[in-house]
Structure formats: C-alpha cells, structure tokens
Amino acid sequence: MTRIHPTAIIDPTAELADSVEVGPYTVIGPRVRVDEDCVFRSHVHVTALTRIGRGNDFHSFAIIGGDPQDLKYHGETTWLEIGDYNTVREHATIHRGTGNGGGITRIGAHNLIMGNVHIAHDCMIGNHCIFANNAMLAGHVHVEDYANIGGGAGLHHFVRVGFCSFVGAMARVSKDISPFMLVEGSPATARAYNHIGMSRLGLPEIELEAAKDCYKRLFRARGGSIEAKVTALLKAWPDSKVVRRVADAAMAASDGVHGRSLEHTRKDDKRTRRAER
C-alpha cells in the first residue's frame, strides 16, 4: 500500500503505484506517473509531466520535472522520463524538454546523480552513469552508458559524452568526449584512456590495449588527418569493438554531426532574440 506522509501534497491527476513511499512536505504535481517501489524523501518536488520507473530513490530538496531554463520555451507540453533504480541526491535538478528540442528529457536506469547536479532540458542520459556533486549539464547533452562525470564539471549544450568515458572534476567540456577516454582541464582534453572504468566493466586485456593505442594515435600523435588515423586504427585492430566505437565517434565529431555544431538545429525564435538583446 502506498505510504504518503500527511504533509505531502499529491495532485489528483498524479498516478502512484501501491508501493510508492512519499515523505514529509513532498509535492507531486499534475500528470506525474510513478511506478513501484519508488521513495520520495522529505521536501522533494516533482513539478509536472514526469514519468518515473520503478525503484528510484529521490532525496530531500531534489526538483524533478521543472520547466526548462530556456528562453525558447513558451509553456508547451514537454516531458521528463526517468527509468528504473536511479538515485537522485539532495538539491539535484532535472528539467523537462523543450518544444523545439525534441520535447523530452530522458534518464536511463541505474544512474547515481549526486547532490546539486543539474541536468537541463532535452538531455539524454544512458545507464549506469555517475554524476558527482555539482556537475552541470546544459541542454541537449547526450551521455552514453557507464560514463563518469566528475564534481563541478560543466558540459556545454549539445556535447556527447562517450561510452565508459571519464570527465575529471572541474572540467569545461565544449566538445564531444570519445568513448573510453579520460579527459580533464579547461577546455577538457584527453589525458589518458579510462583504464579503471574499462577494467571494472570486465573488458579483456586486448581491448584495453586497443583503447591505449586509440589514445596515442588520435590524441597524442602529431600530424595527419582524423580520417587517416581512424583508417590506420581500424586496419591495426580489425576485430576490436572498442576501436570501432572510438572510430565511429571520431568520424561523427569530425563531420560536425555532434557537439556545438548542432546549435543550428534549434528553431529560430524572433521573440527569444529580442529578449536576448
């Protein structure tokens, strides 16, 4: 049976599964759906238009499903979707999508979102990711599975963070992060391959060696085009899934289909441009 503290406020249109627990002074707004075994501790605010899977744990003062912080948003109906078994710690904020950005923000499963993390409108988060305290994701950021974002890192809108990558604390990320790489600094640059993360995933030693070679050829070696370096990597490691992931990401970034170059895909809005002036 659903356990709701008497001080909690639940909108009549919200749908809560029987096993949901709602703590003191928590507010669950309109058109919210919550599946089994979720826990909302005290003072959580699920604003509106949010679908939440099972087994999620929301800590105090988290704000979930808030309006986008985007001047192009004009009150249109947009959504936040959260998968299963995520932990969202204190004061984290996760906003809904925007009408001109796809209309949805999506969080996968088994993610740890620590205190004061901000995930903005239209972000797409995979599974098994970690966001350390005060990490900041601008709109339209894509984070692939098993990525680890360090404390205080700032990710510019539209960047993509690759599979099993690691972003160091306080990094300023304005370009795509290659899968399996470790980046640090301002601006963030590749410093090594993510040996620890790959080892924790149980990847074979041969794939760790492949990632190390990717790092050396793509991010350390001077001269030569990205296309030539990728071709050489694929020839040297024809059976490596790691190299294939890195190669695909490198070519996509060089073709301008990821990262800040996607800014032009947002619809123009004269009202927004007037407001910005």
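The overall dimensions, the strand pairings and two buried loop residues of a predicted model are described below.

The protein contains 5 helices and 28 strands. Its C-alpha trace extends over about 65 × 50 × 30 Å along the principal axes. The radius of gyration is 20 Å, which agrees with the value near 19 Å that a compact globule of 277 residues would have. Of the 277 residues, 48% are buried. Among contacts between residues at least 6 apart in sequence, 32% join residues that are at least 24 apart. The accessible surface amounts to about 13,300 Å², and carbon and sulfur atoms account for 52% of this area. There are 33 positive and 31 negative side chains, with 7 Å between the centres of the two sets.

Strands of a sheet pair through backbone hydrogen bonds, in either a parallel or an antiparallel sense. In the model, 8 strands form an open sheet with parallel pairing, in the order β3-β6-β9-β12-β15-β18-β21-β24. The edges of this sheet are β3 (15–16) and β24 (160–161); each has a single partner strand, so one side of each lacks a neighbour in the sheet. Within the sheet order, β9 is followed by β12. Strand β9 comprises residues 50–52 and strand β12 residues 79–82, and the two are joined in parallel by 3 bridges. One residue of this pairing is I52, whose bridge partner in β12 is I82.

Parallel pairing is also found for strands β8, β11 and β14. Strand β8 (residues 45–46) is joined to strand β11 (residues 63–66) by 2 bridges, and V46 stands opposite I64 in β11. Strand β11 in turn pairs with strand β14 (residues 93–95) over 3 bridges, again in the parallel sense. Here G66 has H95 of β14 as its bridge partner. Strand β11 thus has pairings with both β8 and β14.

Strand β27 (residues 181–184) takes part in pairings of both senses. With strand β25 (residues 166–167), strand β27 runs parallel and shares 2 bridges. With strand β28 (residues 189–193), the pairing of β27 is antiparallel and involves 4 bridges. V183 of β27 stands opposite V167 in the parallel pairing and opposite A190 of β28 in the antiparallel one. Strands β27 and β28 form a hairpin with 4 residues between them. In the turn of this hairpin, G185 has a positive phi of about 100°.

Two loop residues were examined individually, H140 and S174. H140 lies between β20 (136–137) and β21 (142–143), and β21 is one of the strands of the 8-stranded open sheet. The relative accessibility of H140 is 7%, and the residue therefore counts as buried, the cut-off being under 20%. Its C-alpha atom is 9.7 Å from that of T98, although 42 residues separate H140 and T98 along the chain.

S174 is located in the loop between β26 (172–173) and β27. This loop thus leads to the strand that pairs with both β25 and β28. With a relative accessibility of 15%, S174 also counts as buried, because this value falls under the 20% cut-off. S174 and I64 are 110 residues apart along the chain, and their C-alpha atoms are separated by 26 Å. I64 belongs to β11, where this residue stands opposite V46.

How values were computed: Residues are numbered from 1 along each chain as its sequence is written. This is a predicted model: local features need pLDDT of at least 70, side-chain atom pairs count only at pLDDT 80 or more; totals for chains, interfaces and linings use all residues. Side-chain values use heavy atoms; hydrogens and water are left out. The radius of gyration is taken over C-alpha atoms; the globule rule is 2.2 Å times the number of residues to the power 0.38. Buried means under 20% relative accessible area, exposed over 50%, partly exposed in between (1.4 Å probe, protein chains only). Contact means heavy atoms within 4.5 Å. Accessible areas come from the Shrake-Rupley method with a 1.4 Å probe; for residues, only the protein chains shown count as cover. Lys and Arg count as positive and Asp and Glu as negative; His and the chain ends are not counted. The place of a charge is taken as NZ of Lys, CZ of Arg, CG of Asp or CD of Glu. Two strands pair if DSSP finds at least two bridges between them.
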